[in-house]
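Hi everyone, and thanks for making the time. I'd like to walk you through one model today, so let's put it on the screen.

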Amino acid sequence: MGESFEGTRTEVLVVGAGPTGLLLAAILTKLGIDVVIVDGKSGPTRESRALVLQARTMEILDQLDMVDPVLAETVTATAASPGFERTSFGRVPIGRIGANVSPFPGLHVLEQSRTERILLDQLERLGGTVLWNHRLAGLAVHGTGDTAVEASVDGPDGFVRIAATYCVGADGASSLVRKLHGILFEGITNEHTFYVSDAHGVTGLEPDAVNIRFGTDDFLITFPMAPGGHDRLLGTIRLSEVNESVTEDAARVKLSQVFGVDYDVASWFSTYRISHRVAARFRAGPVFLAGDAGHVHSPVGAQGMNTGLLDAHNLAFTLAAVLRKRAEVSALDRYEAERRPVALRLVSTTDRAFGIVTGTSPLSRFVRRRASRVIVPIIVGVVPRLPGASRLFEYLSQTRIHYWMSAEARSTGRRGRVVGRRLPWTGTNFDVLRSLDWQVHFYGAVDRRDAVRILSALRLPFHSFPTVGASRLSAGRFYLVRPDGFVAAEATGDEAITIFRKALADHGVRRARHAEVDTVSG
């Protein structure tokens with residue numbers, strides 16, 4: 001990144017240095033792409049609502065060699081404790097349920113401000129930097145090419161111009177990038193107000209767990225921040241007047257009276273309204289939207305920041321491949337096709353869940369007051385013992401996301417158990433993903449003649465593993481794995497060359513750069 005902005009030319013301009021923009025810039029920099037990232041703020045966020053890093057996000061950070069500083073600061077909640085008002089219904093051991101699904105089971109609690117600081121450190125370690133106090137003022141698109149995007153940025157020394165091949169708007173729910181391109185932000189803003197309190201000396205909660213408490217009219221979810229009763233409290237309260245503001249005193253009274261939760265002091269307290277919105281498009285020519293610029297929803301499920309980070313991870317590899325002429329420009333169409341449906345499903349799911357916990361209809365109130373006290377205790381007792389309990393963790397952790405890998409697959413409407421999903425973890429097969437490249441995997445006793453034949457034809461790195469572990473992978477099958485860790489295709493040895501060549505073509509891949517055989521034990 002250049003020190004002077006006037007007349008700067010770059011390959012990718014990233015607008016917004018929140019978690020999504022920072023991760024995108026870090027990955028692109030790691031892949032050798034020239035990036036300029038600008039933000040109107042003076043530095044990283046200090047107060048934030050986003051708290052949880054899900055297992056899939058941790059896997060991504062591990063792939064990028066960025067997970068150690070995160071692990072050093074996170075508090076891992078290995079259980080969820082649902083309940084009604086003052087009563088806890090027990091603990092659901094989400095860490096144990098996810099133990100065979102991911103190397104990072106549980107919920108990793110780390111507030112957004114610290115996540116941003118770590119990602120900024122990683123970006124700077126890679127040689128990048130953020131231009132703080134540089135606010136986007138205008139954005140024009142001139143067809144395609146090296147200077148397809150021209151941005152006007154207001155900095156400390158006045159207005160400067162940045163020309164880029166691509167621009168990514170990661171500038172939050174009020175995205176100027178989105179507005180300048182006239183992209184609709186479709187959805188609603190909920191009438192209810194959420195409060196969030198960074199509380200110390202908290203009592204009345206199940207320790208070291210995510211507490212989820214329903215009330216007849218109110219709702220509370222808490223996250224452990226540190227030992228000794230330091231918790232983040234998020235909730236809604238029903239006030240007598242619709243326009244009445246939610247104060248900390250009012251929230252504390254409700255917390256104590258309804259949920260039996262008290263605390264000594266709060267570092268800070270704030271309120272906000274919840275929106276459920278998705279951008280009508282995630283791409284407009286050379287301009288893309290990622291993170292909150294493309295989708296916002298309620299904090300129920302702790303998915304928001306993670307979804308933005310997964311946007312960045314998905315988009316970065318394709319941008320790098322196209323810019324380095326390893327993939328056709330048409331490959332960029334996959335970003336919206338893959339990530340927008342994820343956002344739509346997530347917003348729909350969290351909207352329904354939010355409706356249950358805040359709705360005023362007789363049915364919603366009945367579910368909270370009566371049904372939750374009957375059904376939820378049964379679920380708490382039964383779910384951990386069910387054979388398919390790990391699927392619940394997969395949905396929560398975003399390790400079960402599915403993308404259509406071809407038009408033919410989409411036309412069938414049948415989602416595969418492995419293809420189109422993140423590579424199932426066997427316990428030993430994730431380290432090789434750090435190469436950040438296309439690769440072929442085989443599980444079981446490999447016929448070296450098959451391996452050499454496939455390697456010679458595709459010229460991709462090849463890795464064999466002796467076992468599938470407890471995963472959904474099948475022994476005796478070859479798998480084509482994308483740089484982002486998703487499985488693009490699977491085949492027998494006889495079919496692999498034909499099927500994998502088609503999958504690579506479907507992804508717009510021009511050709512592989514190198515090949516090697518690496519037999520991995522595990």
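**Inside the model, then out to the loops**

Let me start with an empty space: the largest cavity here has a volume of about 80 Å³. Please keep in mind throughout that this is a predicted model. Which residues line that largest cavity? Going along the chain, the lining is made of Arg56, Glu59, Asp62, Gln63, Phe104, Phe430, Asp431, Leu433, Arg434, Asp484 and Gly485. As for how many cavities of 30 Å³ or more there are, the count comes to four.

Now let's step back to the whole chain. DSSP gives us 14 helices and 24 strands. The chain has 522 residues, and 56% of them count as buried. If you take contacts between residues at least 6 apart in sequence, 71% of them join residues at least 24 apart. On the outside, the chain exposes about 21400 Å², with carbon and sulfur atoms supplying 50% of that area.

On to the rings, which I enjoyed most. The structure holds eleven aromatic pairs, and I'll show you two of them. In one, Tyr166 and Phe288 sit 6.1 Å apart, centre to centre, with 55 degrees between the planes, and the pair is classed as tilted. Tyr166 belongs to strand 11, residues 158–169, while Phe288 belongs to strand 18, residues 287–289, so this pair ties together parts that are 122 residues apart in sequence. Are these two buried or exposed? Tyr166 is buried, and Phe288 is buried as well. They also have company: Tyr166, Phe282, Phe288 and Tyr335 form one aromatic cluster.

My other pair is Tyr403 with Phe486. Why does it count as stacked? The ring centres are 4.4 Å apart and the planes meet at 20 degrees, and the cut-off for stacked is under 30 degrees. Tyr403 comes from the loop between helix 11 (389–397) and helix 12 (407–412), and Phe486 from the loop between strand 22 (478–481) and strand 23 (487–491), so here two loops that are 83 residues apart in sequence are tied together. Both Tyr403 and Phe486 are buried.

Rings also have charged partners in this model. Arg178 lies over the face of Phe185, 3.7 Å from the ring centre. Arg252 does likewise over Tyr263, at 4.0 Å from the ring centre.

Next, a little backbone geometry. Most residues other than glycine have a negative phi. With that in mind, have a look at Lys325, which is not a glycine and yet has a positive phi of about 65 degrees. You'll find Lys325 in the loop between helix 8 (304–323) and helix 9 (333–358). Its relative accessible area is 59%, so Lys325 counts as exposed, the cut-off being over 50%.

Gln398 also has a positive phi, near 65 degrees. Where is Gln398 found? Gln398 is in the loop between helix 11 and helix 12. With a relative accessible area of 6%, Gln398 is buried, whereas Lys325 is exposed.

One last stop, at Glu124 in helix 5, residues 112–125. Glu124 has 40% relative accessibility, so it counts as partly exposed. Glu124 and Thr29 are 95 residues apart in sequence, and their C-alpha atoms are 9.7 Å apart in space.

That's my tour, and I'm happy to turn the model around for anyone who wants another look.

How values were computed
Residues are numbered from 1 along each chain as its sequence is written. This is a predicted model: local features need pLDDT of at least 70, side-chain atom pairs count only at pLDDT 80 or more; totals for chains, interfaces and linings use all residues. Side-chain values use heavy atoms; hydrogens and water are left out. Helices (H or I, at least four residues) and strands (E, at least two) are DSSP runs, numbered from the N terminus. Buried means under 20% relative accessible area, exposed over 50%, partly exposed in between (1.4 Å probe, protein chains only). Contact means heavy atoms within 4.5 Å. Accessible areas come from the Shrake-Rupley method with a 1.4 Å probe; for residues, only the protein chains shown count as cover. Rings of Phe, Tyr and Trp (its six-membered ring) pair if their centres lie within 6.5 Å; planes under 30 degrees apart count as stacked, over 60 as edge-to-face and the rest as tilted. A charge sits over a ring if NZ of Lys or CZ of Arg is within 6 Å of the ring centre and within 35 degrees of the ring normal. On a 1 Å grid over the protein atoms alone, a cavity is a set of points where a 1.4 Å probe fits but cannot get out, and a pocket is an open set with protein on both sides within 12 Å along at least five of seven lines; lining residues have an atom within 4 Å of a point. Grid points are joined across faces, edges and corners, and a volume is the space filled by probe spheres set on the points.
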